[in-house]
Amino acid sequence: MAYAVDISVKPEVSAHFDEATNTITYIVKDPSSDHCAIIDSVMDMDYAAGRITYEAADALIEEIQTRGLILDWIIETHVHADHLSAAPYIQQKLGGKVGVGEKIMVIQETFGKIFNEGTEFQRDGSQFDALFKDGDTYMIGNMQAFAMYTPGHTPACMVHVVGNAAFSGDTIFMPDGGSARCDFPGGDAGELYDSIMKVLSLPDEMRLFMCHDYGPNGRAIKWETTVGEQKANNIHVGGDKTREDFVNFRTTRDAQLSMPKLIIPSLQVNMRAGKVPTDQDGNPMLKVPINGI
Ligand SMILES: [Fe+2]
């Protein structure tokens, strides 16, 4: 696949860190117009209380309104298992199209079964405004962006590249953080290695923006690195690490990880493009499949 790489375009990137889920949300602005996109928004959830609020999303909305920006896209790099998307809330306030990888259908099929969703739950991605295939391009103002298919963490993961900035989703973490887990249904460590190599085949000076950072070894939270830095220093794939090393390491590590706190609500909401499911009376309601995941 020949991707539409153009590192001469330098988008303005502003980051919002969500402390509750260690997620970084980005506003990506075209330097030559007022147009922008949001990548991986967060809806606040107090799962113990069954309560949803919008502090994080309101901060994004406020920034966009204060700067007088026009929101073209609300992008999901994948169906997150650790936080809920605020895409519908943001779209209602600011417009923009919600986009995700076309393999969302695989996720909807898998988790449609696990959550025993009825026939009213469509498994064709129609909850989203746009479904991206590998290499598909789209515009943010005058900037051309493209989606790169990067399965492994999940079957629907995509890295989004805009000029000299790539948004890695959950493929790779900061060099001292390594990589994302591959043990969710449909995940595959070998596929993730191949996807990471695809990302690292972008130009060395490409800026890479993480979806998560956990501040390993007590360091301050960071989210920006470069392809060159990852190739040299990433603790899971950098230097002379082989595919086999990676698969062995990743598989062993994943077996020891506990499930993300918000996986049950996140999947049900995110596979619906951020919409909360409803019960037979139309009230927002979530399920907990026992021993289902
Ligand atoms: Fe994820």
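Which strand order does the open sheet of six strands with mixed pairing have? Hold that while you set up the view. The model is predicted.

**Stop 1: the sheet from strand 9 to strand 14**

Select strands 9 to 14. They form an open sheet in the order 9-10-11-12-13-14, and the pairing is mixed. Now look at the edges. Strand 9 (137–140) and strand 14 (224–226) each have a single partner strand, so one side of each has no neighbour in the sheet. From one strand to the next, the twist averages 30 degrees.

Zoom in on strand 14. Its pairing with strand 13 (residues 207–209) is antiparallel and runs over three bridges. Pick Arg207 and look across: Thr226 of strand 14 stands opposite.

**Stop 2: the sheet from strand 1 to strand 8**

Next, select strands 1, 2, 3, 6, 7 and 8. This is an open sheet of six strands, again with mixed pairing, in the order 1-2-3-6-7-8. Which strands stand at its edges? They are strand 1 (12–18) and strand 8; each has a single partner strand, so one side of each is left free of a neighbour in the sheet. Here the twist averages 25 degrees from strand to strand.

Go to strand 2 (residues 23–29) and strand 3 (residues 35–39). They pair in the antiparallel sense, over four bridges. Val28 is a good place to centre: Ala37 in strand 3 stands opposite. Now add helix 1 (residues 55–66). Helix 1 packs on the sheet and touches strand 1, strand 2, strand 3 and strand 6. The direction of helix 1 makes about 155 degrees with that of strand 1.

**Stop 3: strand 7 and its two crossovers**

Select strand 7 (residues 97–101). Is strand 7 mostly covered or mostly uncovered? Mostly covered: four of its five residues are buried.

Start with the strand 6 side. Strand 6 (residues 70–75) pairs with strand 7 in the parallel sense, over three bridges. Click Ile74; its bridge partner in strand 7 is Val98. Now trace the chain. From strand 6 it passes through helix 2 (residues 87–94) to strand 7, a right-handed β-α-β crossover. Keep helix 2 in view. Helix 2 lies across strand 3, strand 6 and strand 7, and runs at about 165 degrees to strand 6.

Then take the strand 8 side. Strand 7 and strand 8 (residues 130–132) also pair in the parallel sense, over three bridges. Gly101 has Phe132 of strand 8 as its bridge partner. Trace on from strand 7: the chain goes through helix 3 (residues 104–114) to strand 8, and this β-α-β crossover is right-handed.

**Stop 4: Met271**

Jump to Met271, in the segment after helix 7 (263–270). Why does Met271 count as buried? It has 27 other C-beta atoms within 10 Å, and the cut-off for a buried residue is 20 or more.

Show the contacts. Leaving aside residues up to four places away in sequence, Met271 touches Val79, Ile107, Gln108 and Phe111. Then draw a distance to Thr251. Met271 and Thr251 are 20 residues apart along the chain, and their C-alpha atoms are separated by 25 Å.

**Stop 5: the annotated domain**

Finally, colour residues 22–212. An unreviewed UniProt entry annotates this range as "domain: Metallo-beta-lactamase". Over residues 22–212 the chain is 22% helix and 28% strand. Where do the ends of this range lie relative to each other? Their C-alpha atoms are 6 Å apart.

How values were computed
Residues are numbered from 1 along each chain as its sequence is written. This is a predicted model: local features need pLDDT of at least 70, side-chain atom pairs count only at pLDDT 80 or more; totals for chains, interfaces and linings use all residues. UniProt positions are given in the numbering used here, feature names are shortened, and annotations may be inferred rather than shown by experiment. A residue is buried if 20 or more other C-beta atoms lie within 10 Å of its own, exposed if 12 or fewer, and partly exposed in between; C-beta atoms are placed from the backbone. Two residues are in contact if their C-beta atoms, placed from the backbone, lie within 7 Å. Two strands pair if DSSP finds at least two bridges between them. Axes are lines fitted to C-alpha atoms, for helices over the stretch in contact, and angles run from 0 to 180 degrees between N-to-C directions. A crossover is right-handed if, with the strands pointing away from the viewer, the path from the first strand over the helix to the second runs clockwise.
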